[in-house]
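Here's a quick briefing on the empty spaces and the greasy surface spots in this one. Have the structure open while you read.

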Amino acid sequence: MLVFLFGPVAHSYAFEFKGFADVSYNKSTEDGADQGAFALGAVDFYLAQQLDDRTDVLVEFVIESDETGEFVVDLERLQLGYIFSDAFKLRAGRFHTILGYWNTAFHHGAELQTSATRPAFLEFEDDGGILPVHMVGLWGTGSFKSSPAVVNYGVMAGNGSKLQDGALNPNNISDDSDDKAIAFRVTVEPTQIDGLGIGLSGSFATVSGYTGSSETLRIKQNIYELDVTYFANNVEVLAEYYIFKNEDDLGTSGSFSSSAYYVQAGYAIMDKYIPYARYENVSIDDDGDPFFTATGTVDSTQTALGLRYNLSLLSSLKAEMRFVDRDGADNHNEYTLQWACTF
């Protein structure tokens, strides 16, 4: 327990410092990468503190290895919140963008998710992801309860992402466009069907691409997403479908439409064992979407089969194999053994 004092002792605040960690063994049959290796996952720390009846703060930072194996510290979330009512809460800071279910539910702790890995196209920006999964700005949320359903909503406005040498960057302290990026999400949970959730989300932004300091790309990007989840009767089902509408705003190549989706299902046995399977697909516009050309994204499919064993409420072992088919590359298999925990 950490205690921080502000002013007189009578006004001191105390909070718990919580976190996640995981260690994995990975092996691949891909040419040039077929040697197995142990890997430290991100060590994720977060704290949340109620400052008064209406104001709170959440901080999350991660210690992880970069491409050279050196450890770096990334501030993943910093959000200040003010509660006006159940129908509206306003936050300011850096958040996970409210696109889809996975990005808003599982954050950075591997223990939170059943599987050892995320769907590949939902990876974080610095891990090769293709979605703007972080945003810096303002976020309004609320919920409404009625007899037919519980409805939750969220709207974000903030800095748009940029592409720097082929990698997405969420622009923590600047923006490349006068128009702010906008994101929204609405979820409906019917009261008559326990465990069912239906979500609709979207993102609208201008994404500039740079090679060094030169702007080489500017894309007006609209992303639309639909998700369905079900968690009841020992069954879990997650499915998300994304449509990317990218318009070349710097050149003359026109407009493009690409898509990505995944479906994952699992079944809990004796609350200890959860076998699961996942299928994911990325389909790029045949005319050559310049956004995905810049990120190096190609048509691909991936099938994952795995088993999670819950050692306790706070720790699990996972074994997962993935069959990867990527356009322009040899098909290969990937294997992961993982021990994850929360503390």
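**Pockets, a cavity and a patch**

The second largest pocket comes in at a volume of about 620 Å³. It is lined by 35 residues, and those closest to its centre are Thr104, Trp139, Asn152, Arg185 and Thr187. Keep in mind that this is a predicted model. Rolling a probe the size of a water molecule over the atoms is what shows where empty space is left.

**Second largest pocket**

- If you sort the lining of the second largest pocket by residue class, you get 17 polar, eleven nonpolar and seven charged residues.
- Trp139 and Arg185 are among the residues closest to the centre of this pocket.

**The enclosed cavity**

- The structure holds one cavity of 30 Å³ or more.
- The largest cavity has a volume of about 90 Å³.
- Its lining is made up of 14 residues, with Pro132, Gly160, Ser161, Ser203 and Ala205 the closest to the centre.
- Two elements, β9 (134–145) and β14 (196–211), give two or more residues each to the lining of the largest cavity.
- The top contributor to that lining is β14, with three residues.
- What's the mix of nonpolar, polar and charged residues in the lining of the largest cavity? There are eight nonpolar and six polar residues, and no charged ones.
- For contrast, the lining of the second largest pocket does include charged residues, seven of them.

**Nonpolar surface patch**

- Tyr82, Phe84, Phe88, Leu90 and Leu138 make up a nonpolar patch on the surface, and together they have about 430 Å² of accessible area.
- Strands β7 (71–85) and β8 (88–96) each chip in at least two residues of this patch.
- Tyr82, one of the patch residues, sits in strand β7.
- Is Tyr82 buried, partly exposed or exposed? Tyr82 counts as partly exposed because its relative accessibility is 35%, which falls between the 20% and 50% cut-offs.

**Ala92 in β8**

- Ala92 is found in strand β8, the strand that also supplies at least two residues of the nonpolar patch.
- With a relative accessible area of 32%, Ala92 is partly exposed too, so the reasoning runs through those cut-offs of 20% and 50% again.
- How far apart are the C-alpha atoms of Ala92 and Val57? They are separated by 9.7 Å, while the two residues are 35 residues apart along the chain.

Conventions. Residues are numbered from 1 along each chain as its sequence is written. This is a predicted model: local features need pLDDT of at least 70, side-chain atom pairs count only at pLDDT 80 or more; totals for chains, interfaces and linings use all residues. Side-chain values use heavy atoms; hydrogens and water are left out. Patches are made of residues with over 30% relative accessible area and no salt bridge: like charges are joined within 9 Å, nonpolar side chains (Val, Leu, Ile, Met, Phe, Trp, Tyr) within 5 Å. Accessible areas come from the Shrake-Rupley method with a 1.4 Å probe; for residues, only the protein chains shown count as cover. A salt bridge is a side-chain nitrogen of Lys or Arg within 4 Å of a carboxyl oxygen of Asp or Glu. Helices (H or I, at least four residues) and strands (E, at least two) are DSSP runs, numbered from the N terminus. Buried means under 20% relative accessible area, exposed over 50%, partly exposed in between (1.4 Å probe, protein chains only). On a 1 Å grid over the protein atoms alone, a cavity is a set of points where a 1.4 Å probe fits but cannot get out, and a pocket is an open set with protein on both sides within 12 Å along at least five of seven lines; lining residues have an atom within 4 Å of a point. Grid points are joined across faces, edges and corners, and a volume is the space filled by probe spheres set on the points. Ala, Val, Leu, Ile, Met, Phe, Trp, Tyr, Cys and Pro count as nonpolar, Asp, Glu, Lys and Arg as charged, and the others, Gly among them, as polar.
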